[in-house]
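Thanks for making the time this morning. I would like to walk you through one structure, starting with its empty spaces and then turning to a helix pair and a single residue.

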Amino acid sequence: MTKRANSSPHILHQPDYTAEQRNQFAEILRERIYATITLLAVMVTLWRHPSEHSDFGTIGIILGTGGALWFATMIAARMSYRIIHSSEEAAAKSWEASESARGLLTPAGAPIFFILFSFTNLIDLKTSLLLGISSLVLSLFLFSLYSGRKSSDSWAKILLYSLLQLALGVGIVALKIIVE
């Protein structure tokens with residue numbers, strides 16, 4: 001792959017983005033990754049006991065999880081910024097936190113899509129939950145691959161890095177199953 005002079009392979013290093021915009025995007029991604037990991041744990045629990053939940057109840061749990069994470073983030077940001085900053089600064093920082101918190105709701109999209117797809121009766125709720133779990137794991141793996149590109153030019157190292165992170169994620173899910 002040939003690169004143009006002064007160009008970067010990373011979209012967020014393009015000259016059109018300021019450092020502040022890149023930082024804001026990093027905050028949104030951090031929240032999205034955090035929500036994906038949390039939602040993954042919830043989805044595994046739902047998948048293990050699909051008969052205890054209706055389709056709409058399952059969607060409610062997923063939306064409730066994302067909403068609760070968003071609300072908790074907003075409360076924590078508001079409280080912490082008020083402790084540290086003046087009123088004006090706290091208001092600005094709270095606004096920044098609300099922008100970052102957008103990423104908390106995004107991971108729910110694919111699992112809800114698969115559950116809605118189960119309404120067609122082509123798949124059951126348990127299968128739709130498994131597809132939702134798979135989509136969350138895949139998104140984490142892709143985030144890992146992309147972040148690995150920042151630390152190495154070797155695809156073998158990047159793949160190993162991402163597979164190790166994937167193994168850690170699988171370990172977290174396995175722990176959730178064992179503890180349950």
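**Cavity, pocket and packing**

The largest cavity has a volume of about 40 Å³, and I should say at once that what you see here is a predicted model. With a threshold of 30 Å³ or more, the count comes to 1 cavity. Its lining is made up of Ala35, Leu39, Ile62, Thr65, Gly66, Leu69, Leu104, Pro107 and Ala108, and by class these residues divide into 7 nonpolar, 2 polar and no charged. Helix H1, residues 19–48, and H2 each supply at least two residues of that lining, with H2 giving the most, namely 4 residues.

Let me move on to the open spaces. The second largest pocket has a volume of about 340 Å³, and of the 16 residues that line this pocket, those closest to its centre are Gln24, Glu27, Glu96, Ala97 and Ser100. Which helix gives the most to this lining? That is H1, with 7 residues, while H1, H2 and helix H3, residues 87–100, each supply at least two. By class, the lining of the second largest pocket has 4 nonpolar, 6 polar and 6 charged residues, to be set beside the 7 nonpolar, 2 polar and no charged residues around the largest cavity.

Now to the helix pair. Helix H2, residues 55–84, packs with helix H4, residues 109–117, at an angle of about 175°, and their axes are 10 Å apart. Because that angle lies over 145 degrees, H2 counts as roughly antiparallel to H4. On the H2 side the contact involves Asp55, Thr58, Ile59, Ile62 and Leu63, which meet Pro111, Ile112, Ile115 and Leu116 in H4, and by class this contact has 7 nonpolar, 1 polar and 1 charged residues. Ile62, you may recall, is also one of the residues lining the largest cavity.

Finally, a single residue, Leu125, which is found in helix H5, residues 125–149. Is Leu125 buried or exposed? Its relative accessibility is 11%, and because buried means under 20%, Leu125 counts as buried. Leaving aside neighbours within four places in sequence, Leu125 is in contact with Pro50, His53, Ser54, Asp55, Thr58, Ile115 and Ser118; among them, Asp55 and Thr58 in H2 and Ile115 in H4 also take part in the contact between those two helices. Leu125 and Ser87, by contrast, are 38 residues apart in sequence and 48 Å apart in space, taken C-alpha to C-alpha.

Definitions and conventions: Residues numbered from 1 in each chain as written. Predicted model: local features only at pLDDT ≥ 70, side-chain atom pairs only at ≥ 80, totals over all residues. Heavy atoms only, no water. Buried < 20%, exposed > 50% of the residue type's maximum accessible area, 1.4 Å probe, protein only. Contact = heavy atoms within 4.5 Å. Axes fitted to C-alpha atoms, helices over the stretch in contact; angles between N-to-C directions. Parallel < 35°, antiparallel > 145°, perpendicular 65-115°, else oblique. Nonpolar A, V, L, I, M, F, W, Y, C, P; charged D, E, K, R; others polar. 1 Å grid on protein atoms, 1.4 Å probe; cavity = no way out; pocket = protein on both sides within 12 Å on 5 of 7 lines; lining within 4 Å. Points joined across faces, edges and corners; volume = space filled by probe spheres on them.
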